[in-house]
Amino acid sequence: MSDKSNLDVQHLRSFLAVAESLHFTSAALRRAISQSTISQHINKLEEALGTSLLARSTKSVELTDAGIALVRMAQ
């Protein structure tokens, strides 16, 4: 992962909400923002870090190794 010092705090909060619930809709409800905004935040974090943070399918969301590392750093 690249430099993590300039990551947007709102993006990190959205990521942590997804990481805790492993569900985009639940994370959006928790943060009181739309699911598409949660997705945008995650995509921007992944772009900024140059790595995938979540393994997504139509039925599940799982943290990648990079996602696990970011959870530890963000908490």
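This is a short walk through the core, one helix, two salt bridges and two backbone outliers of the structure above. Bear in mind that the model is predicted.

I'll start with the core. The largest nonpolar core has 20 residues. Phe15, Val18, Leu53, Leu54 and Leu70 are the ones with the most contacts inside it. Helices H1, H2, H3 and H4, the last spanning 65–74, each supply at least two residues of this core. H1 gives the largest share, 6 residues.

Take Leu54 as an example from that list. Setting aside residues up to four places away in sequence, Leu54 touches Phe15, Val18, Phe24, Ile42, Glu46, Val61, Glu62, Leu63 and Thr64. Two of those names, Phe15 and Val18, are also among the core residues with the most contacts. Two others, Phe24 and Glu46, will come back in a moment.

Next, helix H2. Which of its residues are buried? They are Phe24, Ala27, Ala28 and Arg31. These four cover an arc of only 100° around the axis, so they sit on the same side of H2. As a reminder, an α-helix has 3.6 residues a turn, so residues three or four places apart point the same way. On the other side of H2, Leu29 and Arg30 are exposed. The cover over the buried residues of H2 includes H1, H3, E1 and strand E2, which is 61–63.

Arg30 takes me to the charged pairs. The structure holds 2 salt bridges. In one of them, Glu20 pairs with Arg30, and the closest N and O atoms are 2.5 Å apart. Glu20 belongs to helix H1, residues 9–21, and Arg30 to helix H2, residues 24–31, so the pair ties together parts that are 10 residues apart in sequence. Both Glu20 and Arg30 are exposed.

The other bridge joins the side chains of Arg56 and Glu46, at 3.2 Å from N to O. This pair links distant parts of the chain, with Arg56 in strand E1, residues 54–56, and Glu46 in helix H3, residues 35–49. Here too the partners are 10 residues apart. Is Glu46 buried or exposed? Glu46 is buried, because its relative accessible area is 12% and the cut-off for buried is under 20%. Arg56, at 39%, is partly exposed. Glu46 is also one of the residues that Leu54 touches.

Staying with buried polar side chains for a moment, His11 is found in helix H1. His11 has 14% relative accessibility, so it counts as buried. Leaving out residues up to four places away in sequence, His11 touches His41, Lys44 and Leu45.

Last, the backbone. Most residues other than glycine have a negative phi. Which residues here have a positive phi without being glycine? Leu22 is one of them, with phi near 50°, and Ala32 is another, with phi near 60°. Leu22 is placed in the loop between H1 and H2. With a relative accessibility of 38%, Leu22 counts as partly exposed. Ala32 comes just after H2, in the loop between H2 and H3. Ala32 is exposed, with a relative accessible area of 67%.

To put H2 back together: its buried side holds Phe24, Ala27, Ala28 and Arg31, Arg30 pairs with Glu20 of H1, and Ala32 follows just after the helix with its positive phi. That's all from me.

Conventions. Residues are numbered from 1 along each chain as its sequence is written. This is a predicted model: local features need pLDDT of at least 70, side-chain atom pairs count only at pLDDT 80 or more; totals for chains, interfaces and linings use all residues. Side-chain values use heavy atoms; hydrogens and water are left out. A salt bridge is a side-chain nitrogen of Lys or Arg within 4 Å of a carboxyl oxygen of Asp or Glu. Buried means under 20% relative accessible area, exposed over 50%, partly exposed in between (1.4 Å probe, protein chains only). A nonpolar core is a set of buried Ala, Val, Leu, Ile, Met, Phe, Trp, Tyr and Cys residues joined through side-chain atoms within 4.5 Å. Contact means heavy atoms within 4.5 Å. The arc is that of the directions from the helix axis to the C-beta atoms.
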